Amino acid sequence: MGQGDTVRILDGSTFVVSADTGDIEATTSEPTGMFSLDTRFLSRWVLTVNGERLNALSYDDLQYYEVRFFLVPGVATHYIDAKLSIIRERVVGGSFHEQVTILNHDEKPVDLEIRMEAGADFADLFQVKDEIVNKKGELYAEAEADRLRLGYRRGNFQRETMITSSQPARYDRNGFAFSVHLEPNEQWRTEIDVETSAFSAAGRDLRIGARPGGTERLTLEHDLQQWIDDAPKVNCECQHLSRTYQRSLIDLAALRFSPLSLGGQALPAAGLPWFMTMFGRDSILTCLQAMPFAPELSKGTLRLLASLQGTRFDDFRDEDPGRIMHEMRYGETAAFEEQPHSPYYGSVDATPLFLVLLDEYERWSGDAALVRELERECRAALHWIDAYADLGGNGYIWYERRNTDTGLENQCWKDSWDSISYRDGRLPGFPRATCEVQGYAYDAKVRAARLAREFWDDPAYADRLEREAAQLKERFNRDWWVADGGFYALALDPDGRQADVLSSNIGHLLWSGIVDDDRAERIAAHLVGPRLFSGWGVRTLAEGEVRYNPIGYHNGTVWPFDNSFIAWGLRRYGFAEEAATIADGILAAASFFDGRLPEAFGGYARELTKFPVEYPTACSPQAWSTGTPMLLLRTMLGIEPHEGHLSVDPRLPVGMGRIEVLDIPGRWGRVDAFARGRLELNKLAR
């Protein structure tokens with residue numbers, strides 16, 4: 001790859017962002033450095049040779065956890081006749097390992113002073129995001145004979161970075177150096193290990209997993225290969241679809257995160273750089289997307305979220321009994337309750353989605369034991385929906401933060417401050433109820449009724465849940481329908497007035513099943529109509545609405561994850577052609593991002609741009625964008641579980657050629673009818 005890039009490697013919650021030389025020179029406002037557990041453990045990492053900075057020739061993105069930089073000394077010119085080559089090979093796996101190799105191409109011997117400037121500001125990721133790094137504790141640096149120790153203490157909160165080298169070095173408080181003599185055509189190499197520690201109040205290191213180095217690389221390689229081998233194989237005549245699927249599979253492996261003190265179980269972290277941690281909603285939706293391809297992620301996610309389910313009333317954390325958490329953080333600001341994410345429960349949709357995921361997981365896996373294991377948590381979640389979420393007393397799920405200082409104003413997936421509006425552009429008051437969450441609640445009760453009847457031996461409870469779901473559907477279709485627009489309102493305000501804008505949220509109503517059949521065709525027409533559909537995907541807010549902005553975070557951009565669920569919902573109601581239209585746009589967009597769909601991109605019309613316009617601060621990779629191609633594949637192929645078998649009804653966009661998907665995991669094994677057949681995809685004439 002070329003010069004001028006920002007280079008990112010990651011493994012779970014640990015990631016490194018550097019320049020294309022491999023150097024790190026962090027600022028208070030840029031997510032540059034080595035981060036783990038929401039803390040920056042390296043903020044300076046600059047290599048020089050004889051006092052000169054290095055110039056990047058290129059770098060190789062070897063894997064998500066590994067990169068190799070090719071460098072020469074001095075400043076770039078039109079012609080480089082370097083006598084030295086420097087290669088930096090870097091791997092991140094829990095911590096950080098770097099190999100530095102220097103080759104002498106001169107006919108004469110050389111004496112070199114090689115130095116690595118090293119520093120750590122231990123900034124909390126929230127402080128970097130808010131551009132305020134204000135340390136209230138003690139930073140320290142200790143140079144020992146064989147290592148450099150960088151640290152930070154504030155009360156019982158202590159983080160430390162320890163740096164060692166395989167070659168003898170001179171350590172000082174600002175880095176370390178080597179004096180090297182190289183004969184002609186000789187090379188020199190050192191291995192540098194950067195270990196990170198997060199100490200508990202008792203002084204015990206909370207970090208789990210192996211340290212970096214040669215064995216860690218082998219472990220990561222083996223783990224990735226096993227992950228790929230266990231996943232279904234997608235063979236397709238459309239090269240960019242195959243490439244996108246492979247990229248998504250690898251990125252999903254990279255985002256797997258095992259939280260501290262929770263038994264080593266893994267779930268998808270939400271996204272690089274700001275959200276490399278547990279997110280209830282994001283993890284659940286990603287698991288739903290990836291279900292036919294990586295169902296094991298769902299089991300860990302369900303257990304982890306169940307273990308952190310709310311048990312009390314806590315206004316600071318917006319916690320209620322039965323509520324599923326929104327976000328967990330491990331940095332300084334969470335430890336000292338300067339923000340509430342320890343964990344924070346300010347999500348209105350994670351709780352019903354938890355129930356949806358458990359049912360969907362059982363349908364794919366046949367894991368009845370987990371359904372029985374989580375019965376108590378499921379009943380608590382259902383009780384939360386009825387007892388604590390109905391702030392309006394009318395049978396809907398509402399939200400209003402109790403933590404007015406640092407809690408989230410909008411607790412739906414469109415959680416930016418201005419994402420919910422009336423048609424005239426005004427913002428409604430609180431509490432608010434958004435439409436898609438009512439769909440999730442409907443779906444949750446329908447699915448939980450099945451679980452109660454088949455696994456919990458409680459048919460009376462199942463009957464009650466089904467009655468409540470039917471009543472919710474009837475009320476919803478009465479109260480939320482915008483008669484003069486022919487769509488469902490985005491939200492209701494405290495007085496029951498409609499936030500009557502046309503938004504992508506209506507597509508989520510389809511996959512939940514709450515839409516009356518006689519209204520589904522109008523919803524489908526809106527979703528692929530010119531106001532919502534850009535040609536690349538469905539916009540979050542329709543063109544022509546007062547707050548529409550093609551690069552507004554939730555007010556006009558296109559979110560790939562949003563589109564994948566919309567397509568799934570369209571297919572559920574029989575609109576295969578419309579689903580394929582959306583899939584075609586999103587997968588075409590993926591080809592311009594080297595197969596890695598970002599969090600969001602611009603909502604500009606496709607005829608205006610030869611490529612989708614990048615959103616400047618979009619996370620990439622991001623979990624539910626990574627899961628998008630998987631759900632689109634499932635949708636286009638019409639794969640759905642039914643009583644222990646799969647139904648398949650391929651309806652794909654023109655031009656994708658043939659496809660086969662082999663080795664679907666779960667209760668169907670390797671010989672399912674879907675796995676045996678090669679499916680023709682040119683089924684749709686558009």
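**Group meeting: contacts, compactness and an aromatic cluster**

Let me begin with the contacts: if we take those in the protein chain between residues at least 6 apart in sequence, 64% of them join residues at least 24 apart. I should say at once that what you have in front of you is a predicted model, and everything that follows should be heard with that in mind.

In terms of secondary structure, the protein chain has 18 helices and 29 strands. Its radius of gyration is 26 Å, close to the 26 Å that the globule rule gives for 686 residues, and so the chain is as compact as a globular protein of that length. Along the principal axes, the C-alpha atoms fill a box of roughly 85 × 55 × 50 Å. As for burial, 63% of the 686 residues count as buried, while the accessible surface comes to about 25,300 Å², with 47% of that area belonging to carbon and sulfur atoms. Turning to charge, the chain carries 75 positive and 104 negative charges, and the mean positions of these two sets are 2 Å apart.

Now to the aromatic residues, of which I would like to take one example in some detail. The structure holds 36 aromatic pairs, and one of these can be examined through Y553 and Y615, whose ring centres are 5.7 Å apart and whose planes stand at 35 degrees. Stacked pairs need planes under 30 degrees apart and edge-to-face pairs over 60, so this pair, at 35 degrees, is tilted.

Where do Y553 and Y615 lie? Y553 is in the loop between α13 (517–527) and α14 (560–572), and Y615 is in the loop between α15 (576–590) and α16 (623–626), so the pair ties together parts that are 62 residues apart in sequence. The two tyrosines also fall into separate burial classes, since Y553, at 25% relative accessibility, counts as partly exposed, whereas Y615, at 14%, counts as buried. Both belong to one aromatic cluster, whose members also include W413, Y440, W511, W559, F561, F565, W568 and W624.

Finally, a residue elsewhere in the sequence: T21 lies in the loop between β2 (14–19) and β3 (24–25). Is T21 buried or exposed? With a relative accessibility of 11%, T21 counts as buried, and, leaving aside residues up to four places away in sequence, T21 touches L54, A56, F69, L71 and R88.

Technical notes:
Residues are numbered from 1 along each chain as its sequence is written. This is a predicted model: local features need pLDDT of at least 70, side-chain atom pairs count only at pLDDT 80 or more; totals for chains, interfaces and linings use all residues. Side-chain values use heavy atoms; hydrogens and water are left out. Helices (H or I, at least four residues) and strands (E, at least two) are DSSP runs, numbered from the N terminus. The radius of gyration is taken over C-alpha atoms; the globule rule is 2.2 Å times the number of residues to the power 0.38. Buried means under 20% relative accessible area, exposed over 50%, partly exposed in between (1.4 Å probe, protein chains only). Contact means heavy atoms within 4.5 Å. Accessible areas come from the Shrake-Rupley method with a 1.4 Å probe; for residues, only the protein chains shown count as cover. Lys and Arg count as positive and Asp and Glu as negative; His and the chain ends are not counted. The place of a charge is taken as NZ of Lys, CZ of Arg, CG of Asp or CD of Glu. Rings of Phe, Tyr and Trp (its six-membered ring) pair if their centres lie within 6.5 Å; planes under 30 degrees apart count as stacked, over 60 as edge-to-face and the rest as tilted.
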